[in-house]
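Pull up the structure and keep the sequence beside it. We'll walk through it together, one region at a time.

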Amino acid sequence: MWKLGGLAVPLICRMKGRFYYAVRAGRNPGVYGTWDECKKQVDRFPNAIFKKFATEDEAWAFVGTAAINSQTASSECGGQSKTADESDDDDDDDSNDDDNEDEPCSKRFKSTKPFIDLEHKFTYMGDAVAVYTDGCCTSNGKKHPRAGIGVYWGPGHSLNLSERLSGRQTNQRAEIVAACRALEQAKELNIEKLVIFTDSMFTINGITKWINSWKTNGWKLSSGGSVINKEDFKRLDKLTSGINIEWMHVPGHAGFTGNEAADSLAKDGASKPLC
């Protein structure tokens, strides 16, 4: 830990042999823990921009705020993305092993490093406040599931949130509701620009791409079935009104500080009783 104006901030150190791969322009912009994951986002992607870094914060600084939003979301999907027809019992997390293929030279880009607002303890990406959200569910799709949500604004932040998910207990519902809770908090504080980091491509694709088709088709899937998470996506869609949101995908369980903190909060929430 080190002190910045009296605020304790965790140092992000590189483990021996560990690197972070930043994708600023690719199928799914974000930071990845292995070259294999990064390659899936940039291979044969026109004008891809990416680079390898020794620390996570340097990687995110390179990515900047080139995130996925409802106006600029790519129509292409990486190998890890969910489709609109996948069931609510599926997990969102995938992992890949490193391969030994040589890495191409990185492209150059000048970016602004994230900074901390000492008064409110928010982390900013440009002029947007950054927040991490996550959801979890033990025994997902089985008997006696327990789901929780986590919202992480920064180390020791008063807004950090850990709650038990009410209603149907599934992983994907927890991911969507976690994003809803972050937006509710942001609106209470009149935050105008928000970057939401989540490891759920299902949530990102649902709110940035699939939702328009669902509305047009009367909340039906292309297969003719009903959208399982209709009410949750309706809630999320309503909350996105009046606030500038950028959606950023971060690989889950890959050692990224904000995502790990949100995951821990979600797990704590899952252990709480239903209200």
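What follows starts with the whole chain and then moves through its parts.

First things first: this is a predicted model. The protein has 6 helices and 12 strands, and buried residues make up 50% of its 275 residues. A good share of the contacts link distant parts of the sequence: among contacts with a separation of 6 or more, 71% are between residues 24 or more positions apart.

How much confidence does the predictor have? The average pLDDT is 77, and 73% of the residues score at least 70. Residues 1-15 have a pLDDT below 50, and the model gives this stretch 24 contacts beyond near neighbours in sequence. Another stretch to read with that score in mind is residues 65-119, where pLDDT stays under 50. For residues 65-119 the model has 141 contacts beyond four places in sequence.

Now go to the sheet that comes early in our tour. Three strands, in the order β4-β3-β5, form an open sheet with antiparallel pairing. β4 and β5 are at the edges with a single partner strand each, so one side of each has no neighbour in the sheet. From one strand to the next, the twist averages 25°. As a reminder, strands of a sheet pair through backbone hydrogen bonds, either parallel or antiparallel. Here, β3 and β4 pair in the antiparallel sense over 3 bridges, and Val23 sits opposite Gly30 in β4.

Next, look at what lies across those strands. Helix α1 lies across β3, β4 and β5, and runs at about 10° to β3. Helix α2 (residues 56-63) also lies across β3, β4 and β5, and its angle to β3 is about 10°.

Is α1 enclosed or open? In this helix (residues 35-42), 7 of the 8 residues are buried, so the rest of the structure largely encloses it. The buried residues are Trp35, Asp36, Glu37, Cys38, Lys39, Gln41 and Val42. Their cover includes β3 (20-25), β4 (30-32) and β5 (49-53), and β3, β4 and β5 are the strands of the open sheet we just visited. After α1 comes Arg44, which has a positive phi, near 65°.

Further along the chain there is a hairpin to look at. Strand β7 (residues 122-125) runs antiparallel to strand β8 (residues 128-138), and 3 bridges join them. Met125 has Ala128 in β8 as its bridge partner. There are 2 residues between the strands of this hairpin, and Gly126 takes a positive phi near 65°.

Then find helix α3 (residues 171-188), where Arg181 lies. Is Arg181 buried or exposed? Its relative accessible area is 18%, and since anything under 20% counts as buried, Arg181 is buried. Beyond its neighbours within four places in sequence, Arg181 is in contact with Ile149, Val151, Leu161, Glu163 and Arg235.

Past α3, stop in the loop that leads to β11 (193-198), where Asn190 is found. Asn190 is exposed, with a relative accessible area of 63%. From Asn190 to Ile243 is 53 residues in sequence, while their C-alpha atoms are 8.9 Å apart in space.

Now for a pair of helices. Two packed helices are described by the angle between their axes and the distance between the axes. For helix α4 (residues 201-216) and helix α5 (residues 230-239), the angle is about 95° and the axes are 11 Å apart. That angle makes α4 roughly perpendicular to α5. Which residues of α4 and α5 meet? On the α4 side they are Phe202, Thr203, Gly206, Ile207, Ile211, Trp214 and Lys215, and on the α5 side Phe233, Leu236 and Asp237. By type, the residues of this contact divide into 6 nonpolar, 2 polar and 2 charged.

Our last stop is helix α6 (residues 257-270), which holds Ala261. Ala261 is buried, with a relative accessible area of 18%. Ala261 and Gly150 are 111 residues apart in sequence, yet 8.2 Å separates them in space, C-alpha to C-alpha.

Methods
Residues are numbered from 1 along each chain as its sequence is written. This is a predicted model: local features need pLDDT of at least 70, side-chain atom pairs count only at pLDDT 80 or more; totals for chains, interfaces and linings use all residues. Side-chain values use heavy atoms; hydrogens and water are left out. Helices (H or I, at least four residues) and strands (E, at least two) are DSSP runs, numbered from the N terminus. Buried means under 20% relative accessible area, exposed over 50%, partly exposed in between (1.4 Å probe, protein chains only). Contact means heavy atoms within 4.5 Å. Two strands pair if DSSP finds at least two bridges between them. Axes are lines fitted to C-alpha atoms, for helices over the stretch in contact, and angles run from 0 to 180 degrees between N-to-C directions. pLDDT is the predictor's confidence in each residue, from 0 to 100. Angles under 35 degrees count as roughly parallel, over 145 as roughly antiparallel, 65 to 115 as roughly perpendicular and the rest as oblique. Ala, Val, Leu, Ile, Met, Phe, Trp, Tyr, Cys and Pro count as nonpolar, Asp, Glu, Lys and Arg as charged, and the others, Gly among them, as polar.
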